[in-house]
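Student: I would like a close look at a single part of this structure, followed outward to whatever it leads to. Please take your time over it.

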Amino acid sequence: MSEPILDISGLDISFSTYGQRSQILHDVSMQVGKGERVALIGQSGSGKTVTMRSIIGTLPMPPAAIDRGSIRFEGVELLTLGKRARNRLKGTGISIVLQDPLLSFNPVLSIGRQMDDVVRFADVRLGTSREKSARRHHIFEVLRHVQLADPERICQAYPMMLSGGMRQRVLIAMALLNSPRLLIADEPGTALDVTTQQEILILLNRLVDETGMSLMLITHNLGVVREMADRVYVMERGRIVESGTREEIFSQPKHDYTKNLMRAVPPLYGEGVKNVCNDTDVGPLIQISGLCKDFPLRRGLFNRQYGTNHAVNDVTLTIDSGDVFGIAGESGSGKTTLAKMMLGLFDATRGEITIGKDSLSSIAGTPEFRKLIQIVYQNPGSSLNPKRSVADQLSVPLIFAGFDRAAIPARISQLLELVDLPARYASMYPHELSGGQKQRVAIARALSVDPKIIVLDEPTSALDVLIQNVVIDLLQRLREELNLTFVFISHDLSLMRNFCNRVAIMFRGEICEQGATADVFADPQHPYTRALLGSIPVLTDEEAAQKPTIEASERQAVLSSTTTLN
Amino acid sequence: MSSFSQFDDDRQARSLTSRQMAWYRFSRNPSALVGSAIVLSVFIAAVFAPYIATSPQSAGAHVDFVNRHAPPSWEFLFGTDNVGRDIFSRVVYGYRISLGLVVGVLGVAVPFGVTLGLAAGYFGGRIEFAIMRFTDIMLAIPPLAMALAITAVLSPNLINAMIAITLLWWTWHTRLIYRIVKAQMAEDYVEAAKVAGASHFHIMFRELLPNCVSAISVKISLDAGFVILFGAALSFLGLGVQPPTPDLGTMVSTGAEYLPERWWEALMPGLAILYAILGFNLLGDGLRDMMDVEV
């Protein structure tokens, strides 16, 4: 390894909250070489972000305190460096790309203004100055460097006018404005759709090659790591538990935690793939024919309608009893609208949904309907009321289904047992539970009135990958025990491959492809399906080789551009 | 079960309960501590007025011409007024009136305002339009003019002053709760309750209201001070509590005639008003920091 540009050794960091001191980082040591791409991986709460913030000097102190250790950048100790000298490194020595491309911008200033500020203040820190036109020229150059075609218009635009992919590109350009020697990327592209994420990863790789800068990648996505990193550090509970080259980590992980992480990622192709089938032979349960949902687009002082958003357009599908039916698509594809229509929360503009023998419009809102279909939401932090205890929340569906009040406590214990939670959790409040436990409570609530169908709206996307597996296993067990039918909505196709027996791919409100999961994944017909599958970061070369390929022209036809304003 | 304990992150490590955490934040907050001490002392003064007042008879139509206009001394802590009544004793009894006013006004205005705010935020549409525009109209009326009109039409006494203040006060709670509920409506738990078949009443009062409680308690605490002030202003103008009932506003008003030589007669009740309001405001600020809400 070449002379390290960043050298962290023996770093201990603790936080004091509520008078209690807890150590967050334990003896963390890591190096990033010149021109090297290093990934720091771990679950949420493992200390990745604390490490990153200690490098760039944004740890809030107090409550944080650095107890021991050193962080050296190009041989200079950062922890004892004076404030001015350290400021001088910002953007020029070390730069950072934050996770959320929208939150990272000031919404009321134009992109050009925000970029100009970055250049101007870096100049001030370095004691130089440039003409406005020279700065502008430099900004345009960097924007072209991240493949944004029309820098002039981008500079005039405001953050909300850009798509997520473009914002991420601008954000990267911003980090590169002062040619840093080390770029830290915190979960790049994770907030974006998978096709956009792939473009961002390709861009970052190219930039590292071209500029020779070092890259420190902070992520929880192992697929991303495989495509991006030369060396990997694995972090668990504030400790580096394993490190090595990418090949070492991926081919022979040594630590149990790394192995678990690897195993937890659902495979897209190959032997590890689980095929789910539906053995029951009862026939169709949900029939949807020609379903449309239009939302009027309004604007102006008088809320005048100027157009129509066809959120769901002519969807026809049949879900059999006992199916795990996957509905996949990127954000804005209409999958959640479709799910909400199945629950009777939106009325259809045209078309019909039949559940069992009854048309949905005739039974929606009745207690019988609620005993037929229930939902588990994406984010249990939002779907559980923070001010009500677990028992209170579980009792709501029971009370309104006319359940005998005296029998409710017994039913709640039974439900908690069903989702593997101890009965004492009944008196707890959501903030006392972890993400996985909250999602179990949400599942228990959906099960409380014994529904036949459960709509799962991205039930694991807010959870870490290890917990995701536990929740998926739980759902699979419940499906067998209780003869449930699942409608599984997700953008995570690898998970879908292993969990659903049939899938439908939604694209701009329409279903572009549907069929048995194995068939769709083995031989995707629609170019959009191929683009989606081709963009998923996978763990092994064998899987990567089996991903469908797609021509650039086809890809352009189905995906919106992240490089030009329209 | 084994897989669960192995992988689910162990949030139990945080051994403090939410109550302990709230207390920790409260106890580290000087303004909350000082504020609650002041508010407590005001409540104690009001409740135990007969035992605390050095001369309980001064609370009524008592006359002691020998000691009239006596400056503050050990015998008369805050001095005496124009008919020789002990101002300290009258202040202590005055707190009874002030706190009675606070309880009476907020006891009606808060439930009324909160219910309207919940309804406007939850139902939306025409109901929201009707409630919020009505609230806007009420807010557009100058409060003092409104209070003057009401007490003038009815007759100036404590109850009518209370009615006048109440009629104005609920609007702020409606707007506060409306804003919170609007934000909460975007949370999935509201829709989850609808899917579970919950009634409107249940969603409003069992699901949404608990999420407004911290903001309401902060608002009540801040309000209490302003209600005292408003009540004192009405009495000062002669539209509130009538003599000889010991009211802080009336005392300032009669004492003001003897300024500046006999300064204690207006200043002491004035300081008593300031003390109570300061206490409620500090407490409200402290609670706001502690519960992390915006009011």
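Student: In which sense do S6(A) and strand S7 (residues 182-186) of chain A pair, and over how many bridges?

Tutor: The model is a predicted one, and in it S6(A) and S7(A) pair in the parallel sense, over four bridges. Within this pairing, A:Ile96 has A:Ile184 of S7(A) as its bridge partner. The two strands belong to an open sheet of six strands in chain A, whose order is S6-S7-S8-S3-S9-S10 and whose pairing is mixed. Strand S6 (94-97) and strand S10 (239-245) of chain A stand at the edges of this sheet, and because each has a single partner strand, one side of each is left without a neighbour in the sheet. On average, and with direction ignored, neighbouring strands of the sheet are turned by 20° against each other.

Following the chain onward from S6(A), one comes to A:Leu98, which lies in the loop between S6 and helix H3 (111-126) of chain A. A:Leu98 has 17 C-beta neighbours inside 10 Å and therefore counts as partly exposed, since a buried residue would need 20 or more and an exposed one would have 12 or fewer. If its neighbours within four places in sequence are left aside, A:Leu98 is in contact with A:Ser104 and with A:Asp186. A further relation spans 70 residues along the chain: the C-alpha atoms of A:Leu98 and A:Gln168 are separated by 9.0 Å.

At the other edge of the sheet stands S10(A), and this strand also appears in the surroundings of helix H10 (residues 256-264) of chain A, where S10 is among the elements that cover the buried residues of the helix. Those buried residues include A:Tyr257, A:Thr258 and A:Leu261. They cover an arc of only 100° around the axis, which means that they are on the same side of H10(A). Besides S10, the cover includes helix H8 (222-228), strand S9 (231-236), helix H9 (246-251) and H18 of chain A.

H18(A) leads on to the partner chain, for 34 residues of chain A are in contact with 24 residues of chain B, and helix H18 (465-482) is one of the elements that each supply at least two residues of the side of chain A that touches chain B. The largest share of that side, four residues, comes from H18(A). Taken by character, the residues of the side of chain A that touches chain B divide into 17 nonpolar, 11 polar and six charged.

Terms used. Residues numbered from 1 in each chain as written. Chains lettered and ligands numbered in written order. Predicted model: local features only at pLDDT ≥ 70, side-chain atom pairs only at ≥ 80, totals over all residues. Pairing = 2+ DSSP bridges. Axes fitted to C-alpha atoms, helices over the stretch in contact; angles between N-to-C directions. Contact = placed C-beta atoms within 7 Å. Nonpolar A, V, L, I, M, F, W, Y, C, P; charged D, E, K, R; others polar. Arc of directions from axis to C-beta.
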